[in-house]
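User: Could you walk me through this model, starting from the inside and working outwards?
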Amino acid sequence: MLSLSPSLRILLCLEPVDCRKAFDGLAALVRQSLGDDPLSGSWFVFRNRRGDRLKILAWEDDGWAIWYKRLEEGVFRFPAATDASSPRLQIRAAELAMLLDGVVLEKVQRRRRYQRPATTT
């Protein structure tokens, strides 16, 4: 079971990857393809070409962690990129939970909520 904090930064890699890659191979993808720091504490989510396998790479305080899931039936459906030039998409922890549960994120309707205005100092 994954513990998902609402403040957790989660990035989906929108390009399919070879799920045989382990810690170092996925960390290299984060650096090269996603242009991010794999040691940042963010979670990086990858899926294979068929969409039936998913890996999550995370750096915890003392080392790497990978969560791997293979579906017996069905696929993980990632949302489409909002920016065609970006190979990644940031999602919320609640959206990751829905994605793992088989919910199509593009069909989820969100109600408007209050957001505190950003302050400038």
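**Core and sheet**

Analyst: This is a predicted model, and its largest nonpolar core has 18 residues, with Ile10, Val45 and Phe78 making the most contacts inside it. The elements that give two or more residues to this core are β1 (10-13), β2 (43-47), β3 (53-60), β5 (88-91) and α2 (93-100).

User: Is there another core, and which residues are among its members?

Analyst: Apart from the largest one lies another core, of 12 residues, and Leu11, Ala27, Leu34 and Phe44 are among them.

User: Back to Ile10 for a second, what does isoleucine 10 touch?

Analyst: Leaving out residues up to four places away in sequence, isoleucine 10 touches Trp43, Val45, Leu89, Gln90, Ile91, Arg92, Ala93 and Leu96.

User: OK, zooming out, what order do the elements of the chain run in?

Analyst: The secondary structure of the protein chain comes to 2 helices and 5 strands, and from the N terminus on the elements run β-α-β-β-β-β-α.

User: And what's the strand order in the sheet?

Analyst: The sheet is an open one of 5 strands in the order β4-β3-β2-β1-β5, and its pairing is mixed. Its edge strands are β4 and β5, each of which pairs on one side only. On average, and with direction ignored, neighbouring strands of this sheet are turned by 25° against each other.

User: How do β2 and β3 pair, parallel or antiparallel?

Analyst: β2 and β3 pair in the antiparallel sense, over 5 bridges. Two of the residues discussed above can be placed in that pairing: phenylalanine 44 has leucine 57 in β3 as its bridge partner, while the partner of valine 45 in β3 is isoleucine 56. Phe44 belongs to the core of 12 residues, whereas Val45 is one of the residues with the most contacts inside the core of 18.

User: Why might two neighbours in a strand end up on separate sides like that?

Analyst: In a regular strand the side chains alternate between the two faces of the sheet.

User: What about the connection between β2 and β3, how many residues are in it?

Analyst: β2 and β3 form a hairpin with 5 residues between them, and glycine 51 in that turn has a positive phi of about 85°. Aspartate 52 also has its place in the loop between β2 and β3.

User: Is aspartate 52 buried or exposed?

Analyst: Aspartate 52 has a relative accessible area of 13%, so it counts as buried, the cut-off being under 20%. Its side chain is joined to that of asparagine 48 by a polar contact of 2.8 Å. Not counting residues up to four places away in sequence, aspartate 52 touches Lys69, Arg70, Leu71, Gly74, Val75 and Phe76.

User: I also spotted a lysine in β3; what's the relative accessibility of lysine 55?

Analyst: Lysine 55, which has its place in strand β3, is at 9% relative accessibility and therefore counts as buried. A polar atom of the lysine 55 side chain lies 2.6 Å from the backbone oxygen of lysine 21.

User: What else is lysine 55 in contact with?

Analyst: With its neighbours within four places in sequence left aside, the contacts of lysine 55 are Cys19, Arg20, Lys21, Leu26, Phe44, Val45, Phe46, Ile66, Trp67 and Tyr68. For Val45 in particular, the C-alpha to C-alpha separation from lysine 55 is 5.8 Å, with their positions 10 residues apart in sequence.

User: Moving on to β3 and β4, how many bridges do they pair over?

Analyst: β3 and β4 (residues 63-70) pair in the antiparallel sense over 8 bridges, and a hairpin joins the two strands through 2 residues. Within this pairing, the bridge partner of tryptophan 59 is tryptophan 64 in β4.

User: Which residue outside the strands touches Trp59 and Trp64?

Analyst: Leucine 39 touches Trp59 and Trp64, not counting residues up to four places away in sequence, and its place is in the loop between α1 (23-34) and β2. Leucine 39 is partly exposed, with a relative accessible area of 45%. The C-alpha atoms of leucine 39 and glutamate 60, which are 21 residues apart along the chain, are separated by 8.2 Å.

User: Last one, what radius of gyration does the chain have?

Analyst: The protein chain has a radius of gyration of 15 Å, which agrees with the value near 14 Å that a compact globule of 121 residues would have. The C-alpha trace spans about 45 × 35 × 35 Å along its principal axes, and buried residues make up 34% of the 121 residues. Of the contacts with a separation of 6 or more, 59% are between residues 24 or more positions apart.

Conventions. Residues numbered from 1 in each chain as written. Predicted model: local features only at pLDDT ≥ 70, side-chain atom pairs only at ≥ 80, totals over all residues. Heavy atoms only, no water. Core = buried A, V, L, I, M, F, W, Y, C linked by side-chain atoms within 4.5 Å. Buried < 20%, exposed > 50% of the residue type's maximum accessible area, 1.4 Å probe, protein only. Helix = DSSP H or I, 4+ residues; strand = E, 2+ residues; numbered from the N terminus. Contact = heavy atoms within 4.5 Å. Pairing = 2+ DSSP bridges. Polar contact = N/O pair within 3.5 Å; in protein donor to acceptor, adjacent residues only side chain to side chain. Axes fitted to C-alpha atoms, helices over the stretch in contact; angles between N-to-C directions. Rg over C-alpha atoms; globule rule 2.2 N^0.38 Å.
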